Amino acid sequence: MASSACGAVEIFERTAEYRAWRDATMRDGASVGFVPTMGALHEGHLSLVDASLKENDYTVVSIFVNPAQFAPHEDLSNYPRTLPGDLAQLAARQDAARLAPGRLVALVPSARDMYPHGFTQHVDRQVGAFVEVKGLSHQMEGQTRPTFFRGVATVVTKLFNVVLPDRAYFGQKDIQQAIILRRLVDDLLFRYPLGSRNVRVLATSRDPADNVALSSRNAYLDARGRAAAPLLNQALRAGKATWEALLADGSVPPAERVQRTLDAARGTVSVGAAALASEASKGPAAAVELDYFSLNDPTTLEVLTDTTSTHGAVLSGALYVRNDARDEKPATRIIDNELLGFQLD
Ligand code: AMP
């Protein structure tokens with residue numbers, strides 16, 4: 001079995017070698033938790049690793065920048081790739097968790113291993129097997145990124161087939177992704193992980209100073225852009241406060257509650273964007289532009305037009321942040337969400 005190591009972390013670069021290792025763990029009856037990532041690891045990823053280490057004999061962290069979830073105009077070539085640092089962070093985590101029973105394993109497959117017949121980002125020219133989760137993938141993130149969840153569902157299916165995890169760990173930051181993947185394992189009768197209850201969804205890790213959701217793409221932000229980024233979560237929390245206040249009031253019709261919640265979030269961004277624009281008229285300043293805010297049913301992800309739903313709502317959004325208002329370069333797109341009236345189990 002050919003593998004290498006970084007500290008106490010065993011590293012597999014070939015899926016065939018990983019499979020041989022997994023066969024051995026099965027014979028031993030050892031459990032495997034799985035944390036799929038695209039690397040550029042941060043505390044958000046590591047919180048998933050910690051949760052898995054506690055629950056499983058082994059935790060497999062995959063690091064693979066999946067081309068299928070990037071549209072041709074998106075940032076595949078620039079996406080941060082920091083493999084040596086990622087492996088060192090995992091090794092440090094393994095050391096820190098040495099009293100916990102779980103052992104860490106890294107799976108770093110090549111694109112050739114994951115897409116054995118080659119791959120194009122142009123969906124209309126793709127040939128072969130791809131996975132779509134209908135009805136849950138076109139709204140919210142899917143409106144701006146129509147082929148994104150097809151790419152995610154496809155690569156996660158492949159990774160589940162290779163890794164054969166007992167449990168898998170995802171972040172609430174990408175809530176639509178998590179809901180789609182739970183549906184995927186139920187609908188396609190996955191054996192590993194067995195059923196959506198073994199697809200764990202954990203709270204979003206944030207910068208404690210300003211509540212910004214940790215994200216690998218935050219690396220694109222300089223100090224000015226980073227200072228503008230808290231606006232997204234501020235707006236979501238303004239929407240959540242409005243929702244809760246109107247619900248407590250009880251006299252506001254559901255459809256109006258939906259509208260006023262979205263208005264509160266959008267209004268917060270408008271005020272912040274205007275303040276930045278005024279700064280930019282005097283000198284260098286960041287700029288922001290709203291992509292969307294959306295209120296959706298937590299299970300079906302249907303867009304809410306009224307609040308007849310009794311099990312709460314997901315308020316999600318995306319914001320474009322430009323480090324310098326005069327920049328020609330593509331803006332950084334950040335995403336976040338708040339749960340209204342329900343918790344993820
Ligand atoms: P990515 O590398 O961006 O594909 O993310 C890999 C996993 O880490 C996904 O399940 C994400 O939802 C999760 N993740 C990313 N950012 C965070 C965060 N700030 N808090 C918790 N989980 C996160």
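Which helix lies across strand 8, strand 9 and strand 10? Keep that in mind as you look around; the reply comes in point 4. Here are some notes to help you find your way.

1. A word on the source before we start. This is a predicted model, and residues are numbered from 1 along each chain as its sequence is written.

2. Let us begin with the sheet of seven strands. It is open, its pairing is mixed, and its strands follow the order 1-2-5-4-3-6-7. Strand 1 (4–6) and strand 7 each have a single partner strand, so they stand at the edges with one side lacking a neighbour in the sheet. On average, neighbouring strands here are turned by 30° against each other, direction ignored. Within this sheet, strand 2 (residues 9–12) and strand 5 (residues 103–107) run parallel and are joined by three bridges. As a landmark, look for glutamate 10, whose bridge partner in strand 5 is valine 105. Packed on the sheet is helix 3 (residues 83–96), which touches strand 1, strand 2, strand 4 (58–63) and strand 5. The direction of helix 3 makes about 165° with that of strand 5.

3. Now move along to strand 7. Its pairing with strand 6 (residues 167–171) is parallel and covers four bridges, and alanine 168 stands opposite valine 199 of strand 7. In a regular strand, side chains alternate between the two faces of the sheet. Strand 7 shows this pattern: Val199 and Val201 point to one face and are buried, whereas Arg200 and Leu202 point to the other face and are not buried.

4. Next comes the sheet of three strands, and with it the reply to the opening question. This open sheet has the order 8-9-10 with antiparallel pairing. Its edge strands are strand 8 (287–296) and strand 10 (332–340), each of which pairs on one side only. From one strand to the next, the twist averages 15°. Strand 9 (residues 313–322) pairs with strand 10 in the antiparallel sense over nine bridges, and alanine 318 faces isoleucine 335 of strand 10. The helix asked about is helix 9 (residues 230–249), which lies across strand 8, strand 9 and strand 10 and runs at about 25° to strand 10.

5. Is glutamate 141 buried or exposed? Glutamate 141 has a relative accessible area of 7%, and it counts as buried because that value is under the 20% cut-off. This residue lies in helix 5 (residues 141–144). Apart from neighbours within four places in sequence, glutamate 141 is in contact with Phe149, Gln176, Tyr292, Ala318, Arg333 and Ile335. Two of these may look familiar from point 4: alanine 318 and isoleucine 335 stand opposite each other.

6. Serine 216 is worth a visit too. It lies in the loop between strand 7 (199–202) and helix 8 (223–228), yet it counts as buried, at 8% relative accessibility. Beyond its neighbours within four places in sequence, serine 216 is in contact with Gly39, Ala40, His42, His45, Tyr79 and Pro80. Arginine 81 is 135 residues away from serine 216 along the chain, but their C-alpha atoms are separated by 9.5 Å.

7. A few backbone details deserve a check. Most residues other than glycine have a negative phi, and most peptide bonds are trans. Against that background, the peptide bond from tyrosine 192 to proline 193 is cis, with omega near -5°. Proline 193 lies in the loop between helix 7 (175–187) and strand 7. Leucine 189 is found in the loop between helix 7 and strand 7 as well; its phi is positive, near 55°, and at 71% relative accessibility leucine 189 counts as exposed. Asparagine 211, in the loop between strand 7 and helix 8, also has a positive phi, near 70°. Asparagine 211 is partly exposed, with a relative accessible area of 26%.

8. Finally, the empty spaces. The structure holds one cavity of 30 Å³ or more, and the largest cavity has about 50 Å³ of space. Its lining includes Pro67, Phe70, Phe119, Gln121 and Arg150; by class, the lining has six nonpolar, four polar and one charged residues. The second largest pocket has about 270 Å³ of space. Of its 13 lining residues, Ile179, Arg182, Pro298, Thr299 and Asp345 lie nearest the centre. The lining of this pocket has five nonpolar, four polar and four charged residues.

Methods. Predicted model: local features only at pLDDT ≥ 70, side-chain atom pairs only at ≥ 80, totals over all residues. Heavy atoms only, no water. Pairing = 2+ DSSP bridges. Helix = DSSP H or I, 4+ residues; strand = E, 2+ residues; numbered from the N terminus. Axes fitted to C-alpha atoms, helices over the stretch in contact; angles between N-to-C directions. Contact = heavy atoms within 4.5 Å. 1 Å grid on protein atoms, 1.4 Å probe; cavity = no way out; pocket = protein on both sides within 12 Å on 5 of 7 lines; lining within 4 Å. Points joined across faces, edges and corners; volume = space filled by probe spheres on them. Nonpolar A, V, L, I, M, F, W, Y, C, P; charged D, E, K, R; others polar. Buried < 20%, exposed > 50% of the residue type's maximum accessible area, 1.4 Å probe, protein only.
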